[in-house]
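Here is a short briefing for a first look at this structure. Keep the sequence and the 3D view side by side as you read.

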Amino acid sequence: VQLQASGGGLVQPGKSLRLSCAASGSIFSWAWYRQAPGKQRELVAAVSGGGSTNYADSVKGRFTISRDNAKNTVYLQMNNLKPEDTAVYYCTAVRYYANERLWGQGTLVTVSS
């Protein structure tokens, strides 16, 4: 299964951006991670097989993760973006009956005026 992320770019503070990630097969759970320059990679948001979600404290109330099982796709709606959200965002997934976490290529999000 391969993951293809899209939607990154340059956006002004306070604006919105939506990331998408499509898989070439069925996915049990999804998660978005990000890594800013000089910082450790961190979990941003995740959605389980049952649909429950969890978010990093820094994005709660601003980011929303959602999934479309029919399209094997996950989305990350990012609102009220801040400069500190600038990072490479990685889509990850775990397939059914598998333990391995798959990683897509990163997509760069830059929040700057």
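Is Cys-21 buried or exposed? Cys-21 is buried, because its relative accessible area is 0%, and buried means under 20%. The model is a predicted one. The points below start with the overall build, then move to the disulfide, the sheet and some single residues.

**Overall build**

- The protein has 11 strands and zero helices.
- From the N terminus on, its elements read β-β-β-β-β-β-β-β-β-β-β.
- The radius of gyration is 13 Å, close to the 13 Å that the globule rule gives for 113 residues, so the protein is as compact as a globular protein of that length.
- Along the principal axes, the C-alpha trace spans about 45 × 25 × 25 Å.
- Of the 113 residues, 41% are buried.
- The protein exposes about 6,100 Å². Carbon and sulfur atoms supply 45% of that area.
- Take the contacts between residues at least 6 apart in sequence: 53% of them join residues at least 24 apart.

**The disulfide**

- The count of disulfides comes to one.
- Cys-21 and Cys-91 form it, with their sulfur atoms 2.0 Å apart.
- The pair links distant parts of the chain, 70 residues apart. Cys-21 sits in strand 3 (residues 17–23), and Cys-91 sits in strand 9 (residues 87–94).
- The link of Cys-21 and Cys-91 is left-handed, with -80° about the S-S bond.
- Cys-91 is buried too, because its relative accessible area is 0%.
- Strand 3, which holds Cys-21, is mostly covered: five of its seven residues are buried.

**The four-stranded sheet**

- Four strands make an open sheet in the order 1-3-8-7, with antiparallel pairing.
- Strand 1 (3–6) and strand 7 stand at the edges. Each has a single partner strand, so one side of each is left without a neighbour in the sheet.
- From one strand to the next, the twist averages 15°.
- Strand 1 and strand 3 run antiparallel and are joined by four bridges. Gln-4 has Ala-22 in strand 3 as its bridge partner.
- Six bridges join strand 3 to strand 8, again antiparallel. Here Ala-22 stands opposite Thr-73 in strand 8.
- Strand 7 and strand 8 (residues 73–78) are also antiparallel, with six bridges between them. Ser-66 has Tyr-75 in strand 8 as its bridge partner.

**Ile-65, in an edge strand**

- Ile-65 belongs to strand 7 (residues 63–68), one of the two strands at the sheet edges.
- Is Ile-65 buried or exposed? Ile-65 is buried, because its relative accessible area is 4%.
- Beyond its neighbours within four places in sequence, Ile-65 is in contact with residues including Trp-30, Trp-32, Ala-45, Ala-46 and Val-47. Thr-53, Tyr-55, Val-74, Tyr-75 and Leu-76 are also among its contacts.
- Ile-65 and Trp-32 are 33 residues apart along the chain, and their C-alpha atoms are separated by 8.4 Å.

**Ala-31, in strand 4**

- Ala-31 has its place in strand 4 (residues 29–35).
- Ala-31 counts as buried, because its relative accessibility is 2%.
- Which residues does Ala-31 touch, not counting those up to four places away in sequence? They are Leu-43, Ala-45, Ala-46, Tyr-90, Cys-91, Thr-92 and Arg-101. One of them, Cys-91, is half of the disulfide pair.
- The C-alpha atoms of Ala-31 and Val-74 are separated by 8.5 Å, with their positions 43 residues apart along the chain.

**Two loop residues with positive phi**

- Most residues other than glycine have a negative phi.
- Asn-72 has a positive phi, near 50°, and is not a glycine. Asn-72 lies in the loop between strand 7 and strand 8.
- Tyr-97 also is not a glycine, yet has a positive phi of about 60°.
- Where does Tyr-97 lie? Tyr-97 lies in the loop between strand 9 and strand 10 (101–103).
- Tyr-97 is exposed, because its relative accessible area is 86%, and exposed means over 50%.

Terms used. Residues are numbered from 1 along each chain as its sequence is written. This is a predicted model: local features need pLDDT of at least 70, side-chain atom pairs count only at pLDDT 80 or more; totals for chains, interfaces and linings use all residues. Side-chain values use heavy atoms; hydrogens and water are left out. Buried means under 20% relative accessible area, exposed over 50%, partly exposed in between (1.4 Å probe, protein chains only). Contact means heavy atoms within 4.5 Å. A disulfide is a pair of cysteine sulfur atoms within 2.5 Å. Two strands pair if DSSP finds at least two bridges between them. Axes are lines fitted to C-alpha atoms, for helices over the stretch in contact, and angles run from 0 to 180 degrees between N-to-C directions. The radius of gyration is taken over C-alpha atoms; the globule rule is 2.2 Å times the number of residues to the power 0.38. Accessible areas come from the Shrake-Rupley method with a 1.4 Å probe; for residues, only the protein chains shown count as cover.
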